[in-house]
Amino acid sequence: MTYRFIHAADIHLDSPLRSLALRNHDLAALIGNATRRAFENIIDLCLSERVNALLIAGDLYDGDQTSMKTARFLAEQLRRLDQAGIDVFIIRGNHDALSKITKELILPERVQIFDRKARAITVSAPEHSQPVVIHGLSFAKPHAPESLLPNYGLPVSDAVNIGLMHTSLNGAEGHDLYAPVSVHDLQSHGFHYWALGHIHKRAVYAPTSHHNSTVVMAGNPQGRDINEAGAKSVTLVTIHDDGTVQTEERLTSIAQFERVSVDVSACEDWRAIVQKISSALEDKREATLSEQLVARLHLTGTTSLAWQMRRDHDLLLTEAEDKAEQTGNCWIEKLEIESTPLRSATQGAASATHDPLQELGRLIENELVSSPVFQTGLAEQMDALVKKLPPEIRSTFGNDEAQAQALIGELLHRGSEDVLAELSAASQAEEQA
Ligand SMILES: [Mn+2]
């Protein structure tokens, strides 16, 4: 016989749209609603799998400013589990540590929220030969610089022990340290299963020859921007009578962010570029498991059309959006153009080209950009500009001199391409006049 549950984390219900310049209202609505629909998927999955419980390992809400509408939605969904006799265990993480709603809202009887003091709850598990004990504790404050493991009780003997913890483990790229602890220390603690939350990327740590303990970082059930790309999921866990643990990943994401790279080197005209974009979107759509594909298009390659692509960025975006719509359940989140113009064979040599624009491009790249006087002038200008910005966004412009210089180089390159694109457009217009 078995004890079965769904382990989810970092739902960030109704989290505000981040970094998405969503001029497309339908796309904004889709993304805005995605965390809710993913949560509905989780509830549906609990019901269809007839699990014993749902475990949520922190950051159910995005912050303490969550509206009562979000809370009512949550209560409604949890009631569906309550009616089916499914238990719910929730801990609070760094984002919802201070959330008033989980404290004030009246939730169904079967929903248990751990508070800041560690507790061990023995659950009803009629289908398992041993009692099942859930251990958990909530973040009391948004910050937890110390390990929380010493606060947890020891495993109850002759029982199945499951731990719920919100932790960044030993730290992960792009994350601050929260309740740091090593996987080894968790496995040594003697629980059968650790249901972790915080890092928005799923990871499974199998039992070792020394410790029969499975540790899983659930990842979030719905990505919120391109930095959380890929299919997102929860983990279905089965604990057998002999103590073995089986984990299965179950897809929950509604909208799946993906980077789509398109090399347009071989394209000789505008139509060919659009066609290349279209088939790249279709291929990605084919490979996407979630209901909706939200693509960030990245165009690369050397082509004589590079200038036109930059100049007519808005037109190309409209074409791409049109192709996405034809593909179906497919959206363009952003169009990035990294394509570079063809340079003449004499480029870099002393001889001049016949095209004055190419000659200008060569001058900019070979002589102006490398000029120390010009570089120093730019650095001073950027310095003055950054000083005027609020302190919390200054690091966007680099944390040290090398980063700042790299950014200047990048902006200079893009800026000169844009200027040349404008000039090229002007000269073409003149020819046609
Ligand atoms: Mn977190």
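What should the 16 residues of helix 9 (residues 372–387) span at 1.5 Å a residue, and how far apart are its end C-alpha atoms?

**View 1. Helix 9 in this predicted model, its span and its surroundings.** Helix 9 runs over residues 372–387, and at 1.5 Å a residue its 16 residues should span 22 Å, which agrees with the 22 Å that separates its end C-alpha atoms. Of these 16 residues the number buried is zero, so helix 9 lies largely in the open.

**View 2. Helix 1, its bend and its buried residues.** Helix 1 takes in the 24 residues 25–48, for which a span of 34 Å should be found at 1.5 Å a residue, and its end C-alpha atoms, 33 Å apart, agree with this. At Ala34 helix 1 bends by about 45 degrees, and Ala34 is also one of its buried residues. Others that are buried in helix 1 include Leu27, Ile31, Ala38, Phe39, Ile42 and Leu45. Because an α-helix has 3.6 residues a turn, residues three or four places apart point the same way. After helix 1 comes Arg50, whose phi is positive, near 50 degrees.

**View 3. Val264 in the loop between strand 13 and helix 5.** Val264 lies in the loop that joins strand 13 (255–263) to helix 5 (270–287), and it counts as buried because it has 22 C-beta neighbours inside 10 Å, where 20 or more are needed. Leaving aside its neighbours within four places in sequence, Val264 is in contact with Ile273, Lys276, Leu299, Gly301, Thr303 and Ser339. One of these, Thr303, is 39 residues from Val264 in sequence, yet the two are 7.0 Å apart in space, C-alpha to C-alpha.

Technical notes
Residues are numbered from 1 along each chain as its sequence is written. This is a predicted model: local features need pLDDT of at least 70, side-chain atom pairs count only at pLDDT 80 or more; totals for chains, interfaces and linings use all residues. Helices (H or I, at least four residues) and strands (E, at least two) are DSSP runs, numbered from the N terminus. The expected span of a helix is 1.5 Å times one less than its number of residues. A residue is buried if 20 or more other C-beta atoms lie within 10 Å of its own, exposed if 12 or fewer, and partly exposed in between; C-beta atoms are placed from the backbone. The bend at a residue is the angle between axes fitted to the seven residues ending there and the seven starting there. Two residues are in contact if their C-beta atoms, placed from the backbone, lie within 7 Å.
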